[in-house]
Amino acid sequence: MAASRSTEPLKTFTADHALADKVEVLYFDAVDFDSHQKFYDELPEKPGIVVYAAGFLKNNEEALQDWAGSYQMMKVHYCGAVSMLNIIATDNKNQLLERIIGLSSLSGVRGRKSNFIYGSTKSAFTQYLAGLRQYLFSRKIQVNVIVAGYIRSKMTAGLDLTESLMLEPEFIARAVVDAKNRLIIVPGIRWKIIYQILRWLPERLVARLP
Ligand SMILES: NC(=O)c1ccc[n+]([C@@H]2O[C@H](COP(=O)([O-])OP(=O)(O)OC[C@H]3O[C@@H](n4cnc5c(N)ncnc54)[C@H](OP(=O)(O)O)[C@@H]3O)[C@@H](O)[C@H]2O)c1
């Protein structure tokens with residue numbers, strides 16, 4: 001099953017990849033919280049592997065002036081994820097559930113002046129998944145966080161990003177498919193290095209970053 005607000009592009013994608021008869025496309029709005037329980041209850045079958053990848057980006061300077069944009073990032077990356085994943089994670093009757101994976105971001109590793117609103121929503125999502133992993137441990141359900149760098153996608157189209165650091169969506173998808181039992185998965189060797197540097201960099205040096 002694949003679910004999103006824009007079901008037509010999903011149907012086109014599954015048809016183009018000869019998956020139309022294998023993948024059911026469903027309508028899902030991450031920020032329509034009141035619909036989530038019904039959405040889950042009406043699933044044709046309960047999920048074994050869940051990937052939460054909804055995303056919305058508003059430029060930091062714009063988001064600082066535009067509460068609606070800031071709030072939308074919080075709703076898509078955090079509130080919607082918590083609302084939906086809480087329902088999935090607490091369905092003890094679903095014996096099929098084996099893994100939950102969230103697409104988070106290196107932007108959530110340290111607060112930086114150029115992207116701390118988007119970044120803080122991703123940081124919250126990462127921490128939620130870290131705790132959910134501990135909560136689900138006794139049921140032997142894995143939780144992974146893909147901490148991604150730049151991905152070539154609708155979100156980054158038109159942004160001036162370092163080309164050599166761009167990752168293709170298929171590369172990220174491979175990291176999702178290959179996820180094993182680590183909490184944090186950082187796809188790409190360059191981004192692994194950047195992630196470690198960011199984690200350990202003293203605050204006074206983080207302050208010099210964009
Ligand atoms: N691009 C990057 O450099 C990058 C880096 C690190 C992490 N990420 C994360 O990776 C994930 C995928 O992003 P992407 O780069 O593939 O961007 P994208 O192409 O813009 O994909 C985001 C997806 O989220 C969906 N979405 C947005 N609001 C939604 C809602 N209310 N309900 C349901 N679906 C909703 C969008 O659907 P519509 O088509 O209907 O808008 C779109 O399919 C996001 O969580 C993003 O934060 C991206």
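Guide: Helices (H or I, at least four residues) and strands (E, at least two) are DSSP runs, numbered from the N terminus. Residues are counted from 1 along each chain, in the order its sequence is written. The model is predicted: local features need pLDDT of at least 70, side-chain atom pairs count only at pLDDT 80 or more, and totals for chains, interfaces and linings use all residues.

Visitor: Where does arginine 182 lie?

Guide: Look between two elements, H6 and E6. Helix H6 covers residues 169–177, and strand E6 covers 184–185. Arginine 182 therefore sits in the loop between H6 and E6.

Visitor: Is arginine 182 buried or exposed?

Guide: Count C-beta atoms, placed from the backbone, within 10 Å: 20 or more others means buried, 12 or fewer means exposed, and anything between means partly exposed. Arginine 182 has 10 such neighbours, so it counts as exposed.

Visitor: How many Å separate arginine 182 from asparagine 144, C-alpha to C-alpha?

Guide: In sequence, arginine 182 and asparagine 144 are 38 residues apart. In space, C-alpha to C-alpha, the gap is 6.5 Å.

Visitor: What is the strand order in the open sheet of four strands?

Guide: Two strands pair if DSSP finds at least two bridges between them. The pairing here is parallel. E3 and E6 are the edge strands, each pairing on one side only. The order is E3-E4-E5-E6.

Visitor: How many bridges join E4 to E5?

Guide: E4 spans residues 99–105, and E5 spans residues 142–148. Glycine 102 faces valine 145 of E5. Serine 105 has alanine 148 of E5 as its bridge partner. The two strands run parallel, and the bridges between them number seven.

Visitor: Which residue of E4 is the bridge partner of isoleucine 49?

Guide: Strand E3 takes in residues 49–52, and its parallel pairing with E4 has four bridges. Isoleucine 49 has as its bridge partner in E4 arginine 99.

Visitor: Which residue of E6 stands opposite valine 145?

Guide: E5 and E6 run parallel, joined by two bridges. Across from valine 145, in E6, stands isoleucine 184.

Visitor: How many of the seven residues of E5 are buried?

Guide: Start with E4: it is mostly covered, with six of its seven residues buried. E5 is mostly covered too. Its buried residues number six.

Visitor: Which hand does the β-α-β unit of E5, H6 and E6 have?

Guide: Point the strands away from you: a path running clockwise from the first strand over the helix to the second is right-handed. E4, helix H5 (residues 116–136) and E5 make a right-handed unit. The unit of E5, H6 and E6 is left-handed.

Visitor: How far apart are the end C-alpha atoms of H4?

Guide: Helix H4 has 23 residues, 67–89. The expected span is 1.5 Å times one less than the number of residues. That gives 33 Å, which agrees with the model's end-to-end distance of 31 Å.

Visitor: On which residue is the kink in H4 centred?

Guide: A bend is the angle between axes fitted to the seven residues ending at a residue and the seven starting there. In H4 the kink is about 45°. Its centre is lysine 75.

Visitor: Which residues of H4 are buried?

Guide: An α-helix has 3.6 residues a turn, so residues three or four places apart point the same way. In H4 the buried residues are Met73, His77, Gly80, Ala81, Met84 and Leu85.

Visitor: What is the phi of alanine 18?

Guide: Alanine 18 lies in the loop between helix H1 (7–16) and strand E2 (25–27). It counts as exposed because it has 8 C-beta neighbours inside 10 Å. It is not a glycine, yet its phi is positive, about 55°.

Visitor: What is the phi of lysine 140?

Guide: Lysine 140 is in the loop between H5 and E5. With 8 C-beta neighbours inside 10 Å, lysine 140 is exposed. It is not a glycine either, and its positive phi is about 60°.

Visitor: Which residues come nearest the ligand?

Guide: A residue is near the ligand if its C-beta atom, placed from the backbone, lies within 6 Å. The shell has 12 nonpolar, six polar and three charged residues. Of the 21 residues around the ligand, the nearest are Ala30, Gly55, Ser153, Lys154 and Met155.

Definitions and conventions
Nonpolar A, V, L, I, M, F, W, Y, C, P; charged D, E, K, R; others polar.
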